[in-house]
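Here are my notes on the model, jotted down while going through it. Have a look at the structure first, then read on.

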Amino acid sequence: MKKILNYINGELIEPKSNSYIDNFEPAKGEVYSLIPDSDENDVELALQAAEEAFPTWSKTPKEERSAILKKIADLIEENLDTLAEAESRDNGKPLALAKKVDIPRASHNFSFYSSAIIHFESESHDMEIGAINYTLRQPIGVAACISPWNLPLYLFSWKIAPAIAAGNCVIAKPSEITPMTAFLLSDICIKAGLPKGVLNIVHGYGHKVGAALTAHPKIPVISFTGGTQTGESIAKVAAPMFKKLSLELGGKNPTIIFDDCDYDKMLNTTIRSAFANQGQICLCGSRIYVQKGIYDKFKKDFVEKVSQLKVGNPNDKSTDQGALVSKAHMEKVLSYIQLAKDEGGKILCGGEQIDLSAKGLNGWFIAPTVIEGLDHLCRTNQEEIFGPVVTITPFETEEEVLTYANSTKYGLASSLWTENLSRSQRMAQKIHAGIVWVNCWLLRDLRTPFGGVKQSGVGREGGFEVLRFFTEPKNVCIRFEN
Ligand code: NDP
């Protein structure tokens, strides 16, 4: 059986413990590879490599760092098919989605930061009294990058690319549930000529590798994407050591549809924003609020289209929905569907597990599910489900829907559908979310900040700000004789 290996000091090596974790293929429900069950000893080894590489890498001219990042981006693009197949097999997502979104965006993260680092500037101020004050931005040291399973390579690269572009060395931990594309990235980094120790990838459990990274006093900066509860436990450990922290956490995003919207465009995009990647994108809109004038029409059309979504083999071109990432996650999502029923929700479509064993797929499939009739404050509408489950609710006024939209502890993203420009501006100002999409979804210029407010995270950054996050500012003030 294929063994995934750690990437430490430029080499692919076994974990010190020599023990491995089963890696499942979600569509088949079968083990198909083994993941290193690494621990603090492997983290220590990676740290040693990263510390040794840091003095040289941090002084390597930006142009050289940039060229290596660009080479990594190009190699990701050249290996698009292999990476997309690995991501789809590891995660259960449709192959077409991995090919169209995940892998190209991962490549783009590297090419964006290969360019951004060249154009990264720091501030300089002439004080007009015979002094100049400028900000020196220096790489910090060894950064920990910890990422989740839902968009494995894309989110992994979103952290690694800016960290190494800025001159840091990195120890990265992918989710142990979806390690394959991170493993393939190791090989790409070797081929791209990334000096040894600059990037180290240590596979394994969050409570072992992740916790060791978070608690290590020699790792001063942590970039984490994952659940709010994990973010909270990382913050508790890191805060007393005053580590620099970026936390991109969970969401419960509202989609708000006014009756003056471009209906067809809205309907097609709302299907995608609700169910892309089986609803396992932190930015998916899981609470859909529809203005009363079009509620009945929307309900009929939406349920009809959702019922037509084809759940099946991720490799088939015609598949809209693949498998959920794990058995445990599927069970969690099913328990929320039961909760919705207990809370008085009416299942309009879906609501159950799908058995595809006749097709040789013994994995974890759930029918896309639409629920109505729930209060905005009930648990189904307050807690992150992170699966193919959405609620629909009518509303009358802007004030009413703002109350609903802003009622959760989360504030990651939101979507608004209206042709009224003034209303879109008014609403954008009042919605508690880090991202407001108007008449679109998932569009993003990488120069803009990304992330949420409230319990959806802190350290919300984009483009050059991420490079600022991965550098330490130093104020240098020079006095001279006029
Ligand atoms: P988790 O929080 O469970 O895990 C995220 C990563 O943290 C994994 O690599 C995990 O390892 C690791 N980890 C777990 N425990 C610890 C610990 N104590 N210390 C350090 N690291 C640890 O999230 P999921 O993987 O389940 O991902 C889904 C969540 O991610 C959802 O809540 C989703 O909203 C959020 N998310 C947020 C995004 C954003 O940009 N705001 C984007 C994408 C997802 P292991 O896998 O071994 O547990």
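1. Let me start with a local detail: right after α5 comes G167, and its phi is positive, near 100 degrees. Keep in mind that this is a predicted model.

2. On α5 itself: the helix runs over residues 152-165, which makes 14 residues. From first C-alpha to last it reaches 20 Å, close to the 20 Å expected at 1.5 Å a residue.

3. How much of α5 is buried? The count is 14 of the 14 residues, so the helix is largely enclosed by the rest of the structure. The cut-off behind "buried" here is under 20% relative accessible area.

4. Zooming out, the protein has 15 helices and 25 strands. Its radius of gyration is 23 Å, close to the 23 Å from the globule rule for 482 residues, so the protein is as compact as a globular protein of that length. If you want a box for the C-alpha atoms, roughly 75 × 65 × 40 Å along the principal axes will hold them.

5. Burial and contacts: 58% of the 482 residues are buried. Take the contacts between residues at least 6 apart in sequence, and 74% of them join residues at least 24 apart.

6. Now the surface and the charges. The accessible surface comes to about 19,600 Å², with 51% of that belonging to carbon and sulfur atoms. The protein carries 52 positive and 58 negative charges, and the mean positions of the two sets are 0 Å apart.

Definitions and conventions:
Residues numbered from 1 in each chain as written. Predicted model: local features only at pLDDT ≥ 70, side-chain atom pairs only at ≥ 80, totals over all residues. Heavy atoms only, no water. Helix = DSSP H or I, 4+ residues; strand = E, 2+ residues; numbered from the N terminus. Rg over C-alpha atoms; globule rule 2.2 N^0.38 Å. Buried < 20%, exposed > 50% of the residue type's maximum accessible area, 1.4 Å probe, protein only. Contact = heavy atoms within 4.5 Å. Areas by Shrake-Rupley, 256 points an atom, 1.4 Å probe, with all protein chains shown as cover. Lys, Arg positive; Asp, Glu negative; His and termini not counted. Charge placed at Lys NZ, Arg CZ, Asp CG, Glu CD. Expected span 1.5 Å × (residues − 1).
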